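I set aside this session to look for enclosed and open spaces in one model, and for the helix packing around them. My notes follow in the order in which I looked things up.

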Amino acid sequence: MSGNDVPGHDFNRDINRSSTASLKYDGRQSMFGTAEVIPLWVADMDFAAPPAVTQALAKRAMHPVYGYTVYPDSLYESLIDWLRRRHGWDVRREWIMMCPGVVPSLYAAVMAFAEAGGTVIVQPPVYFPFFSAVTGTGRQLAYNSLRLANNRYTMDFDHLEQCAAGARLLLLCSPHNPVGRVWSTRELKDILRIAKKHDLVIFSDEIHADLIYPGNKYHVLSMLAEASAGSSVNVVTAVAPSKTFNIPGLNLSALIVPDPESRNALTQVFDTMHVSASNPFSVVAFETAYREGGAWLDELLIYLQRTRDYVAEYLATNLPDIRLIESEGTYLLWLDCRALTARLGINDAQLRHFFVHEAGVGMSPGTLFGETGSGFMRMNIGAPRHIIQVALENIREAEQRTRQGMMPA
């Protein structure tokens, strides 16, 4: 599994990212207390962006003026064409709002659709800005926790309906970060049913939608809402090339908002914050990635799938106390370490210490994603596979040492 098993792009290439102001690498000391860890945490990949993107950026950099930037029609067309080709979604130009990243959009949605002191539903374990977007804007969290059974997460719809009775907004992660679920049509239709009954606005974070493994199918929630006879559910969809093409540092995303009143509400919030998403490089990368990145993405998906399968096999064979939760999409794996913590008699802080200081592997602790993440870790496999192999071997060796009573502090 160590060879470059994907024709074309060399995903096994080592790229030195240290001293490039990289959060993933140059932020290791502040994040883990040591820089001597293999960084498998923050959600960007160690792969070079599609060649067409880097070439387009270099060409733009050759022009010596980097002034204020507008969004050309061609940029909107690139997104519309991508969504139609890849997902069968026909999006109108007027529905699209360009935004400075998905996290600012989360905050804007909470402020636009939930009154101060109002209730917003989240489904932990979930991407942690879902929490701060609510608490940081003076709203209240309602936790509709996902349920884990038979190594797979599902939604608790009875409890979701109870939460919806007193809420105005649901923050949905689809596909889900960190648990890796790609929600089924039936699950999404149940969400729409509850939202319609209780007049819920749904903010659907779908930025991982292009990263789906074979055997699973991503469904656009807004399309299902449009197709439902008599449906009046207000769905705001966040999309971006950032995860798909590994350009998150360029901070340009889009919201798809069919409802004009919702677009106006969101515009007012963004205007209040005086936030602009435009810069000459993000615009060029956004358009080029969607226009010319398809073949690169197809190769990436093959590589990621084989890495995911390698991790699953390695854990089952060598680290049975760590279980990989069934992963249907994203390059983020959710590791169930509860058997390991039970055997070692350690808590979440000690589990983190074990991985960082005993194994030399820096992952995201499960508690970052809510209380239901206790005993879990999130692993980013967006790296050359030999790096993932070394990380797993380090963990195995550290685990073996603990069998001799060398417990982490």
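In which hand, left or right, does H4 pass H12? I looked this up before anything else, bearing in mind that the model is predicted, and found that the crossing of H4 with H12 is left-handed. The two axes come within 8 Å and cross at roughly 30°; angles under 35 degrees count as roughly parallel, and H4 and H12 are therefore roughly parallel to each other.

I then listed the residues that make this contact: H4 brings Ser74, Leu75, Glu77, Ser78, Leu79, Asp81, Trp82 and Arg85, while H12 brings Val283, Phe286, Glu287, Tyr290 and Arg291. Sorted by class, the contact of H4 with H12 holds six nonpolar, two polar and five charged residues.

Cavities came next. I counted three of 30 Å³ or more, and the largest has a volume of about 70 Å³. Its lining consists of Leu79, Trp82, Leu83, His87, Glu206, Ile207, Ala209, Asp210, Tyr218, Val239, Ala240 and Tyr290, and the largest share, four residues, is supplied by helix H4, which spans residues 73-87. Leu79, Trp82 and Tyr290 are among the residues of this lining, and I had already noted them in the contact between H4 and H12. The class count for the lining is nine nonpolar, one polar and two charged residues.

For the second largest cavity I noted about 50 Å³ of space, lined by Pro241, Ser242, Ile247, Leu250, Asn251, Leu252, Ser282, Ala285 and Phe286. Here helix H12 (residues 280-292) gives the largest share, three residues, and the lining has six nonpolar, three polar and no charged residues.

I turned last to the open pockets. The largest has a volume of about 1100 Å³; 44 residues line this pocket, and those closest to its centre are Ala43, Asp44, Ile247, Pro248 and Gly249. Helices H3 (51-62), H5 (102-113) and H10 (242-245) are the elements that give two or more residues to that lining, in which I find 27 nonpolar, 12 polar and five charged residues. Ile247 also appears in the lining of the second largest cavity.

The second largest pocket holds about 250 Å³ of space, and of its 14 lining residues Tyr71, Met97, Met98, Phe270 and Val275 lie nearest its centre. Strand E2 (96-99) and helix H11 (260-273) each supply at least two residues of this lining, with the largest share, four residues, coming from E2. By class I recorded 10 nonpolar, three polar and one charged.

Technical notes: Residues numbered from 1 in each chain as written. Predicted model: local features only at pLDDT ≥ 70, side-chain atom pairs only at ≥ 80, totals over all residues. Heavy atoms only, no water. 1 Å grid on protein atoms, 1.4 Å probe; cavity = no way out; pocket = protein on both sides within 12 Å on 5 of 7 lines; lining within 4 Å. Points joined across faces, edges and corners; volume = space filled by probe spheres on them. Nonpolar A, V, L, I, M, F, W, Y, C, P; charged D, E, K, R; others polar. Axes fitted to C-alpha atoms, helices over the stretch in contact; angles between N-to-C directions. Parallel < 35°, antiparallel > 145°, perpendicular 65-115°, else oblique. Left-handed = near helix turned anticlockwise from the far one by under 90°. Contact = heavy atoms within 4.5 Å.
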